[in-house]
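Here are some exercises on reading a fold, each with a worked solution. Keep the sequence and the structure in view as you go.

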Amino acid sequence: MRGNLETIVGAMFAGKTSELLKRILWAKHQNKKIIVLKPSIDNRYSNEKIITHNDLSHDCYAMTEWSKALKTFNFIKKEVDVVFLDEIQFMDTKETLHNVDIILNNGIDVVCAGLDQDSRGKPWETSSMLLGLSDKIVKIYGFCNVCGVEATKTYRKTLGGERTQVGAANIYEPRCLKHWEPR
Ligand SMILES: [Zn+2]
């Protein structure tokens, strides 16, 4: 049987990594064998852990590219039950789609988390494609840092910089549509 793909998306600081971590803990309580991967571009706190903004963490493998992960792990049902992917927006679109599909076809479940949009409001390609492939989608919301209502957007507080700029609270914050503008 093909594995189940669940994708968790939302703006920055909505709690995506916390949701992922919750599922990691569930899987461990069920004695499932797991692999946790994140792109190595995300080294804001640590290279071998996924860490939530409120400091919960779990060990993970920081991968520079899929070929290295494929050499490190054997993605077969006998050896792994669930693969967790964090910060999917920074993973290569084509390679990620290709490999996630193979993993699912091997009967392994996949849970991924990441941003669905950048601070300009444009969809992130890898997240979009994984959403399209998903069996289950969870969209979570932060709260607007100006007025406190539900926030669907990531607002960039400083002008300029790369699209892939990895930033904590000094660069980005969640905002509602009324208080957000693309930048
Ligand atoms: Zn607002």
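**Exercise 1.** Work out how many residues of β7 are buried.

*Solution.* Start with the rule: a residue is buried if 20 or more other C-beta atoms lie within 10 Å of its own, exposed if 12 or fewer, and partly exposed in between, with C-beta atoms placed from the backbone. By that rule, seven of the seven residues of β7 are buried, so the strand is mostly covered. Two notes before you continue. This is a predicted model, in which local features need pLDDT of at least 70 and side-chain atom pairs count only at pLDDT 80 or more, while totals for chains, interfaces and linings use all residues. Residues are numbered from 1 along each chain as its sequence is written.

**Exercise 2.** Find the order of the strands in the sheet and the place of β7 in it.

*Solution.* Strands (E, at least two residues) and helices (H or I, at least four) are DSSP runs, numbered from the N terminus. Two strands pair if DSSP finds at least two bridges between them. The result is an open sheet of six strands in the order β5-β2-β6-β7-β1-β8, with parallel pairing. At the edges stand β5 (61–63) and β8 (136–140), each with a single partner strand, so one side of each has no neighbour in the sheet. Now look at β7: four bridges join it to β6, and V83 has V110 as its bridge partner there. Six bridges join β7 to β1, where E6 stands opposite V111.

**Exercise 3.** Check whether the length of α3 agrees or disagrees with the span expected of it.

*Solution.* The expected span is 1.5 Å times one less than the number of residues. For the 13 residues of α3 (residues 93–105) this gives 18 Å, and the end C-alpha atoms are 18 Å apart, so the two agree.

**Exercise 4.** Decide which residues of α3 are buried and which are exposed on the face turned away from them.

*Solution.* First, the buried ones are T96, N99, V100 and I103. Seen down the axis of α3, they fall within an arc of 105° (taken from the directions from the helix axis to the C-beta atoms), so they line one face of the helix. The general reason helps: an α-helix has 3.6 residues a turn, so residues three or four places apart point the same way. Next, the face turned away carries the exposed K94, H98, I102 and N105. Finally, the buried residues of α3 pack against several elements, among them β1 (5–10) and β7 (109–115), where contact means C-beta atoms, placed from the backbone, within 7 Å.

Notes:
Contact = placed C-beta atoms within 7 Å.
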